Amino acid sequence: MTLLGDLVSLHQVDCQVRALRGRLDTAERHYATQERQRKDVAARIEEVRSQIRQHQATAANLEAEGGSVKMRIDQFRGQLNLATNPKQYAALLNELKTMQAQRDEFDGLALAQLQKSEELQGRLADLDTKVAERAAVCAAARREIETCRGEVGARLGELDRERTGASAKIPSRELDIFDRVADLYDGEAMAELVAVDAKRREYVCGACNMELPPDKYATLASNANVVVICTSCHRILYIPQVGNAVA
Ligand SMILES: [Zn+2]
């Protein structure tokens, strides 16, 4: 076979390898994205749980403080009756009121902490639902990777061997050009040289559609063992009817 015929064969198997790898890559990327989102939600849950624990601990401390003030109030009430004159009674009563206000303040603060904790419990329930959903999506994405590996794996091995065989037929200089352009265009290394109007010698590159000098056609038409590249996109040109280079 001619060099161009060999290049077209390599191009065909290279495209298949890239398509299969692409499917596996897509599945793996999808899983990675989902897993990252699941971990973000899980981290948020830990954060909210820790906030809830803090609010509950603060509430318990405030309740304890309020409780000890209440005990002092109860003890103090007994002393009111022991007051010997109205002035002393008024002073004791005043002190009692201060203590009651203090107790109310502790109770209020404890209640506020408990309310915050309850709000966070609500948010936690939402996050738990979300993380369960994410986990289900992740498991499905994981299964898709396994399915893909199963379906793609064996075929990819075969194609990789075919590709190695096809590239072994190409001289290293031409193979370098092919590999470079194939990587640049994600596998689209070859482009058909299209005759727009053969009489007027108008030719274009089938991939980028830019006009090509007529001598490129002349070279390729007479010799299928030479690499001719598009002036604009640098893809390797071929004429389907020449040199068995049938796509
Ligand atoms: Zn081109």
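A residue counts as buried when its relative accessible area is under 20%. In this predicted model, R163 has a relative accessible area of 18% and is therefore buried, falling under that cut-off. R163 sits in helix α2, which covers residues 86-168. Its surroundings are easy to trace in the structure above: leaving aside residues up to four places away in sequence, R163 touches L10, V13, D14, V17, F178 and D179. With one of these neighbours, D179, there is also a polar contact, made side chain to side chain at 3.2 Å.

Attention now turns to the zinc ion. Its protein donors are the SG atoms of C205, C208, C230 and C233, which lie 2.2 to 2.3 Å from the metal. The angles among the four donor atoms run from 104 to 117 degrees, and the site is tetrahedral. For comparison, the ideal angle for four tetrahedral donors is 109.5 degrees. Along the chain, the donors follow the spacing C-x2-C-x21-C-x2-C. Distant parts of the chain are linked by the pair C208 and C233, which are 25 residues apart. C208 belongs to the loop between β2 (202-205) and β3 (211-212), while C233 belongs to the loop between α4 (214-222) and β4 (236-238).

These two cysteines also invite a look at solvent accessibility. C208 has 25% relative accessibility and so counts as partly exposed, whereas C233, at 5%, counts as buried. The cut-off of 20% given at the outset explains why the two carry separate labels: buried requires a value under 20%, a condition that C233 meets at 5%.

Notes. Residues numbered from 1 in each chain as written. Predicted model: local features only at pLDDT ≥ 70, side-chain atom pairs only at ≥ 80, totals over all residues. Heavy atoms only, no water. Donors = N, O, S within 2.8 Å, 3.2 Å for Na, K, Ca; no water. Tetrahedral: all angles 85-135°; square planar, octahedral: opposite > 155°, others 65-115°. Helix = DSSP H or I, 4+ residues; strand = E, 2+ residues; numbered from the N terminus. Buried < 20%, exposed > 50% of the residue type's maximum accessible area, 1.4 Å probe, protein only. Polar contact = N/O pair within 3.5 Å; in protein donor to acceptor, adjacent residues only side chain to side chain. Contact = heavy atoms within 4.5 Å.
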